[in-house]
Amino acid sequence: MPKHIGIILFLKAAMLSISLGDGILEYVNVLAGTSNSYELSTGGETPLMGRPFGFNHWSVQTQPDTQGSRYFDPSSRSFYGVRCTHQPSVWIGDYGYFLVNALVSPQAFDRSQTSVSFAPLQTTYKPHYFKSSALLPDFKASAMGGVRMEMTPTEHAAFFRFSFPPGMNSRVLVRIVDGNSSTPVVLGKDGNFATRTSVNNGGVPHGFAMFIRGVVDPAPSRMHNLDGSIALDYDTTENSDRLTVHLRVATSFISDEQAQSNLDRELPPCKAFDSVVMEGEAIWRDRLSVIRFAGTKQSSRFLRIFYTNFYRTQLFPRLLGEYDEQDQVVHYSPYNGRVMPGELSTDSGFWDAYRTVYLWISFVAPEILDRLLEGWVNAYKEAGWLPTWASPGQRGSMVGTMGDVVFAWAIVANKSSHLAEEMYAAIRRDAFEEPSAGSLYGRQGLQGYAQHGFMAAHGGLSEVVSRGLNYAFADSTIAAAATVLGHHSDAEILRKRAEKALEKSFNPQNKLFEPLDTHGKWLKMNPTSWSDAYFTEASALQYRFYAPANTDFLVSKYGGKDALCGQIEEHFTKQVTPVYTADGRGVIHEETEMSLTSEDFGQYGHNNQPSHHVLGVAVAAGCFTVADKYMERVLRELYSPEGWPGDEDNGEMAAWFMLNAGLGLYEIDFGADELLIFSPLIRGDFSIALPGEGRLLRVENVRRDGCSATTPSPYVCEVHWYPSSPMESTEDNASSAFDSSVPYGVSAHGSIRGGWPRRPISRESDAHIVLSDRRLARSELSKGGRLLFYTSSTPCE
């Protein structure tokens with residue numbers, strides 16, 4: 001190619017990349033997944049605004065307080081305020097929350113007034129910014145005009161700007177829901193105030209509180225303590241112009257003084273509202289720009305799904321660190337009630353997140369991964385056990401100790417190696433020590449599982465089949481970590497234990513994992529039964545391939561590769577009636593959601609995590625055609641810009657999409673730390689910066705069938721891997737190949753290196769590896785290089 005043509009093509013690609021980057025946040029739908037009921041979920045979400053992995057999120061409450069965790073309905077026209085929230089799931093609930101609202105009234109305020117009316121279509125939701133242009137006492141009073149309310153968040157604080165109409169009494173209300181006459185309140189001069197709330201749904205010790213400090217400008221005419229809530233009133237009935245009011249409010253779980261420190265640090269008086277908006281926008285834009293489409297044309301629908309899912313992967317788990325007077329990160333511990341050094345991670349359940357969240361974060365935010373691992377290690381040290389579902393402390397939801405998989409993978413993958421022994425101590429305790437009866441931690445029934453290879457049904461424990469399979473998966477992954485650290489005796493015990501559990505639980509006649517009685521005899525059961533005596537939120541049909549760390553076992557038990565591939569194909573096509581059989585609990589929303597897609601996807605239930613390994617198993621077993629066919633259909637048909645086929649679950653379902661559609665990479669055996677390869681959904685070629693490595697991964701797609709790039713090409717005929725040669729840079733440090741003038745992302749605890757390379761950062765030779773088994777060690781990919789896909793719109797075999 002002539003040199004000048006190459007330069008022109010490069011510039012075109014760069015211009016397309018820059019154009020997309022500038023408008024990247026326009027594709028994020030913060031309202032995705034927020035239209036929900038108990039019977040049916042489109043994500044189980046509330047609209048969340050904040051900084052990535054932030055201390056607080058900020059949402060909107062449209063429902064009365066009596067509605068509890070289901071506080072948002074996108075169709076409602078009632079507005080109870082912007083809500084400072086820490087709720088990770090409607091099933092877990094919120095803690096440390098309060099509301100900020102703007103009220104107007106032609107008469108004196110009634111202290112019972114806490115809500116106004118608003119117009120959802122005149123409301124803007126972005127990850128870094130909220131605006132509602134028409135807050136009214138009711139729509140009959142619209143002749144005077146409404147309040148405009150804006151909000152932009154930081155890590156521990158938020159900045160509000162209100163524009164009140166003339167001729168109306170005006171109030172800014174900072175409302176807590178658990179206040180009373182004894183709530184400590186400070187009403188200071190010049191619009192300063194302090195209050196606190198202890199509202200929670202569990203997982204906290206005695207003395208827990210969220211401390212709130214704020215300052216309003218201009219100073220109000222009057223300040224009222226309404227049983228802990230703060231009313232800031234302005235006499236504007238005689239005003240002929242609109243009144244602009246700024247409110248800065250900050251929070252802390254440590255103390256009132258720490259809340260003031262957070263306010264001074266993040267929202268000093270010299271910072272203008274618009275500059276904080278721009279700062280937040282830049283942080284989100286840079287974070288979502290790690291993947292660059294080089295000269296490709298994506299559909300608007302795909303871009304909306306892509307960036308909405310990307311945004312959702314950057315919210316949880318939450319980091320609860322705060323800076324002390326010595327500029328050191330400390331945190332309030334919900335496990336012992338004391339202020340402790342270092343990070344703390346929370347608001348995430350490992351049962352969901354272990355499958356995708358941490359692998360995805362390792363690619364796009366590796367320094368966040370380091371902080372999260374430190375935060376979970378601190379949780380283990382303070383609680384004595386690794387939490388299974390923390391919010392903010394242990395809640396004990398779901399079965400299994402799947403945080404063991406995350407820690408074991410981190411050890412195998414050499415992530416946060418300075419924490420390796422502490423991580424191993426945590427997961428070893430889960431593996432070898434049974435907790436006391438009724439404990440929220442550890443593995444109930446561990447002794448029976450270790451001795452017999454299963455836990456008997458109807459013996460006092462629920463979900464015995466799922467529980468045993470989770471224990472086995474965790475054991476196999478811990479065994480890999482034990483081997484890395486030289487604990488060979490542990491590794492041998494755990495490896496054999498995991499193999500025994502699979503053998504014991506698999507019924508070769510029915511080719512299903514099934515429950516056994518106390519004598520080790522198979523129980524007669526309906527395979528479509530969603531009985532929680534045996535399985536977690538699924539039936540035996542969804543768990544039939546649940547041996548992600550041992551696909552050889554499945555190949556053997558199903559009678560060979562071809563037989564297994566046929567069974568996986570049938571899993572997606574066979575129409576089973578009834579689709580499910582409910583147990584004594586009645587119908588749960590996961591059953592309804594799966595039935596809605598069963599005509600097209602059979603017994604594959606992508607609406608819930610027990611099915612999320614199936615297509616990975618297909619690739620690992622060599623069932624490439626069925627894997628490619630249904631991966632493309634799942635990504636295109638079950639994800640939309642408006643939501644998900646079920647609960648999104650704190651970034652897990654979003655990260656599943658990003659790994660498979662965005663990268664074409666997935667992982668099911670975390671002990672092997674081996675990536676499975678699919679055809680990315682992105683059209684054409686693209687690149688991803690690997691911030692932790694200072695490297696670039698390029699992905700190219702060559703069509704084997706000669707079809708245009710706009711035609712889907714899900715079938716992978718060949719994959720070639722071109723490893724990068726050592727860094728080519730004029731700088732001494734390899735990381736300087738990333739343009740430091742374009743930060744990848746900034747948080748309260750420092751910057752994450754990234755940006756886009758200012759010069760080529762690697763040199764590829766012609767030497768390459770043909771990945772005939774479509775597997776690649778993650779450690780190799782993280783060094784950078786080029787993945788060259790040869791794909792087709794029809795099966796290659």
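Here are some friendly notes on this predicted model, point by point.

1. **Ground rules.** Residues are numbered from 1 along each chain as its sequence is written, and side-chain values use heavy atoms, with hydrogens and water left out. Because the model is predicted, local features need pLDDT of at least 70 and side-chain atom pairs count only at pLDDT 80 or more, whereas totals for chains, interfaces and linings use all residues.

2. **Overall picture.** The protein chain holds 19 helices and 36 strands; these are DSSP runs numbered from the N terminus, with helices being H or I of at least four residues and strands E of at least two. Of its 797 residues, 60% are buried. Here buried means under 20% relative accessible area, exposed means over 50%, and partly exposed lies in between, with a 1.4 Å probe and protein chains only. Taking contacts between residues at least 6 apart in sequence, 69% join residues at least 24 apart; a contact means heavy atoms within 4.5 Å.

3. **Helix α9.** This helix covers residues 420-432, and its 13 residues should span 18 Å at 1.5 Å a residue, which agrees with the 18 Å between its end C-alpha atoms. The expected span is 1.5 Å times one less than the number of residues. Buried in α9 are A420, M423, Y424, A426, I427, D430 and A431. Down the helix axis they fall within an arc of 160°, so they line one face of α9; the arc is taken over the directions from the axis to the C-beta atoms. Their cover includes α7 (366-383), α8 (403-412), α10 (446-452), α11 (464-485) and α12 (488-505).

4. **The eight-stranded sheet.** This open sheet runs in the order β6-β7-β8-β9-β16-β13-β12-β11, with antiparallel pairing. Its edges are β6 (123-126) and β11 (186-187); each has a single partner strand, so one side of each lacks a neighbour in the sheet. Two strands count as paired if DSSP finds at least two bridges between them. Inside the sheet, β12 (residues 192-197) and β13 (residues 210-217) pair over six bridges in the antiparallel sense, and T195 has I212 in β13 as its bridge partner.

5. **Strand β10.** Seven of the seven residues in β10 (residues 169-175) are buried. N169, R171, L173 and R175 point one way, while S170, V172 and V174 point the other, and all are buried. Antiparallel to β10 runs β4 (residues 98-105), joined by seven bridges, and β15 (residues 229-234) also pairs with β10 in the antiparallel sense, over five bridges. V172 is a handy landmark: A102 stands opposite V172, and V172 stands opposite L232 in β15.

6. **The six-stranded sheet.** Here the pairing is mixed, and the open sheet has the order β17-β29-β30-β36-β31-β34. β17 (291-293) and β34 (769-770) are at the edges with a single partner strand each, so one side of each is left without a neighbour in the sheet. β17 pairs antiparallel with β29 (residues 686-690) over three bridges, where F293 is matched with F686.

7. **Salt bridges.** The whole structure has 36 of them, each being a side-chain nitrogen of Lys or Arg within 4 Å of a carboxyl oxygen of Asp or Glu. R443 and D475 meet at 2.8 Å, N to O; R443 is in the loop between α9 and α10 and D475 in α11, 32 residues apart. R443 counts as buried at 0% relative accessibility, and D475 is buried too, with a relative accessible area of 0%. R161 and D274 meet at 3.1 Å, N to O, and belong to a network of salt bridges with R148 and E150. D274 is partly exposed at 42% relative accessibility.

8. **Two glutamates in α15.** Helix α15 (residues 589-601) contains E591 and E593. E591 is buried without a salt bridge, and R585, the nearest side chain of opposite charge, is 5.3 Å away; Lys and Arg count as positive, Asp and Glu as negative, and His and the chain ends are not counted. Leaving aside neighbours within four places in sequence, E591 contacts W530, Y580, T581, A582 and G586. E593 counts as buried at 2% relative accessibility. With those same sequence neighbours set aside, E593 contacts L40, S41, N607, P645 and G646.
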